[in-house]
Amino acid sequence: MKKWILTLFLVLVTGSALAGCYGGGADDSSNGDKVDKGNIKQEIVVNASSEPPAIDPAKATDTTSGWVLDHIFEGLYTRDKDGKPVLGAAKDVKTSDDGKTYTFTLRDDAKWSDGSQVTAGDFEYAWKRVLNPETGSAFSFYLYYIKGAEEYNKGKGKVENVGVTAVDDKTLEVELNAPLGYFDSLLTLWTFYPVQQKLVESNDNWAADANTYISNGPFKMTEWKHESNVVIEKNNEYYDKDVVKLDKVTFKIVNEATTYYQMFKTGELDLISTLPSDVLATEKDNEDYREEPYYGTYMYMFNVKKEPFTNAKVRKAFAMSIDRKALTENVTLGGETPAYAMVPEGAETPEGDFRKVGGDYFEENATEAKKLLAEGMAEEGWSKLPEVTLLYNTAENHKKIAEAVQEMIDQNLGVKLKLSNQEWGTYLETTKQGNFQMARMGWIGIFVDPVVNLDYYLGDSPNNRTGWVNKEYDSIIAKSKVEQDVNKRYELLHQAEKILMTDMPFMPVNFYKYNYLTNPDFEDIAYYVNRFPQLKWAEKTK
């Protein structure tokens, strides 16, 4: 994942479009006549790039799965057009005087897509399902703010001691370990979405097939042709269905950037991102082009349990040996900025932007990098550096970056990297198992706060695939989550980031900027800083 959510991610951004051909006819309104929107087919086709690994709120960890989930489910809180948290399936919330107990009242018209009532019991079941160790949710740690949640998830407590209780069908009580100022933002994450208890308990594979899928959001899944497309359609049981203009959204799964770029140009796709970098320059002046901030970090993880990255000096040598400015200006080309830390710009603190206050943690220096590499090899007794393979998930732009990094490390360190790529789902499993030395990853904050970026490298985070564990780091992050003094809280987070960047179990490459090409016939698409575009309000106007 995971300021804004999280998520683990395959992102690289670039955008473009030359002169798209779109069906539906032009707006022939030079004489002042208005277009009859009633005759316009309200459908949109977007590119998801890769097969969603898990369209299940408890199991999804990637932005592709999250993009679909954000359209077919809704939590107690949702987001408005500006991305701010607002009440969703809940119509009211009351907070105790000590800020630790939340009492939510569900909407009377909150319904599942099969017409049945969404209950507080469905939320209680869903959250405890995430925490159940047998579920194996990689995002379970996001619920650790809840009383008894961490203990249950780690097998040290009982489910009945988890502070989530359905008082009745409409009332959900949530007890926190400490007051949490961003609890509303946290609850917009898909991990907190409800699932229909009777469905999940009756079918272990309910989330793998559109025919057995039930959800509670503005859309419902009607088709999932694996490795081809996911189709969602307007959910007429949704309480706010009148704001939903689109009847159908098709998420195409086209991995090759050149292919989906051409599909946009011929009108087969209405919205794309992660475009071929060689078309960006020509597209930036197009009306179809959008460049949006994206709160996340593109990086290469080091497996600290596999040589040569068992040595901190070797890790730092690799990090210092690449030219990030050259990468962003000559390879990615999407407005990204060089990254010399984990937390991106965008998180405001009383002293200013968190990143600007914290500054950079290292400098690029090929001479110093070579010296560090030699020192690290001497410490390990290596006369020759163990062979290194850089793994990335299959995508044209990831390949271009990997090839550029490969050349830079060869020139500056004299190390010849091997490159290897895997399809996204396979890649996630490979890195989860720790079967890599150096691997690409991206992390997007679930909301705009440094803690969700730094959470990635907690020792017990399933998303931390580096094998790096630092008890002091974990302790400081834990303290920050209960610290009520805002200044002290950010001070703790700066301390934690300093530890992370000293041990350096990863090398940051750039901070994201996201680029899109969107068919201009569509209006009211919401572009968020930490999620893919929300289509709840989108409408085709011509």
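**Note on cavities, pockets and aromatic packing**

1. The lining of the largest cavity divides into 9 nonpolar, 5 polar and 5 charged residues. This is a predicted model, and the points below should be read as such. The cavity has a volume of about 180 Å³. Its lining counts 19 residues. Nearest the centre lie Asp-70, Thr-78, Arg-79, Tyr-193 and Gln-534. Two elements give two or more residues to this lining: α1 (63–72) and β3 (77–79).

2. Next, the largest pocket. About 450 Å³ of space lies in it. It is lined by 18 residues. Lys-59, Thr-61, Gly-136, Ala-138 and Lys-432 are the ones nearest its centre. Helix α13, residues 424–432, gives the most to this lining, with 4 residues. By class, the lining holds 8 nonpolar, 4 polar and 6 charged residues.

3. The second largest pocket holds about 360 Å³ of space. Its lining has 14 residues, and those closest to the centre are Tyr-144, Glu-150, Ile-477, Ala-478 and Lys-481. Which helix gives the most to this lining? Helix α15 (residues 471–480) does, with 3 residues. The classes here are 8 nonpolar, 1 polar and 5 charged.

4. Now the core. In soluble globular proteins, nonpolar side chains tend to be buried together. The largest nonpolar core in this model has 155 residues. The residues with the most contacts inside it are Phe-104, Trp-127, Tyr-142, Tyr-300, Phe-318, Tyr-457 and Tyr-473. A second core, separate from that one, has 14 residues. Tyr-260, Met-263, Leu-275 and Tyr-289 are among them.

5. Aromatic pairs come to a count of 35. Why is the pair of Tyr-102 and Phe-104 called stacked? The ring centres are 6.1 Å apart and the planes are at 15 degrees, so the pair counts as stacked; the cut-off for stacking is under 30 degrees. Both Tyr-102 and Phe-104 are buried. Phe-104 is also one of the residues with the most contacts inside the largest core.

6. Tyr-514 and Tyr-516 give a tilted pair. Their centres are 5.2 Å apart, with 40 degrees between the planes. Both tyrosines, Tyr-514 and Tyr-516, are buried. They belong to one aromatic cluster with Trp-67, Phe-251, Tyr-294, Tyr-298, Tyr-300, Tyr-512, Tyr-527 and Phe-532. Tyr-300, a member of this cluster, is listed too among the residues with the most contacts inside the largest core.

7. Two arginines sit over rings. Arg-107 lies over the face of Tyr-239, 3.8 Å from the ring centre. Arg-489 lies over the face of Tyr-490, at 5.3 Å from the ring centre.

8. Last, Thr-310. Where is Thr-310 placed? Its place is in the loop between β13 (289–302) and α8 (312–320). Is Thr-310 buried or partly exposed? Its relative accessible area is 34%, so Thr-310 is partly exposed; the range runs from 20% to 50%. Glu-364 is 54 residues from Thr-310 along the chain. The C-alpha atoms of Thr-310 and Glu-364 are separated by 21 Å.

Terms used
Residues are numbered from 1 along each chain as its sequence is written. This is a predicted model: local features need pLDDT of at least 70, side-chain atom pairs count only at pLDDT 80 or more; totals for chains, interfaces and linings use all residues. Side-chain values use heavy atoms; hydrogens and water are left out. Rings of Phe, Tyr and Trp (its six-membered ring) pair if their centres lie within 6.5 Å; planes under 30 degrees apart count as stacked, over 60 as edge-to-face and the rest as tilted. Buried means under 20% relative accessible area, exposed over 50%, partly exposed in between (1.4 Å probe, protein chains only). A charge sits over a ring if NZ of Lys or CZ of Arg is within 6 Å of the ring centre and within 35 degrees of the ring normal. A nonpolar core is a set of buried Ala, Val, Leu, Ile, Met, Phe, Trp, Tyr and Cys residues joined through side-chain atoms within 4.5 Å. On a 1 Å grid over the protein atoms alone, a cavity is a set of points where a 1.4 Å probe fits but cannot get out, and a pocket is an open set with protein on both sides within 12 Å along at least five of seven lines; lining residues have an atom within 4 Å of a point. Grid points are joined across faces, edges and corners, and a volume is the space filled by probe spheres set on the points. Ala, Val, Leu, Ile, Met, Phe, Trp, Tyr, Cys and Pro count as nonpolar, Asp, Glu, Lys and Arg as charged, and the others, Gly among them, as polar.
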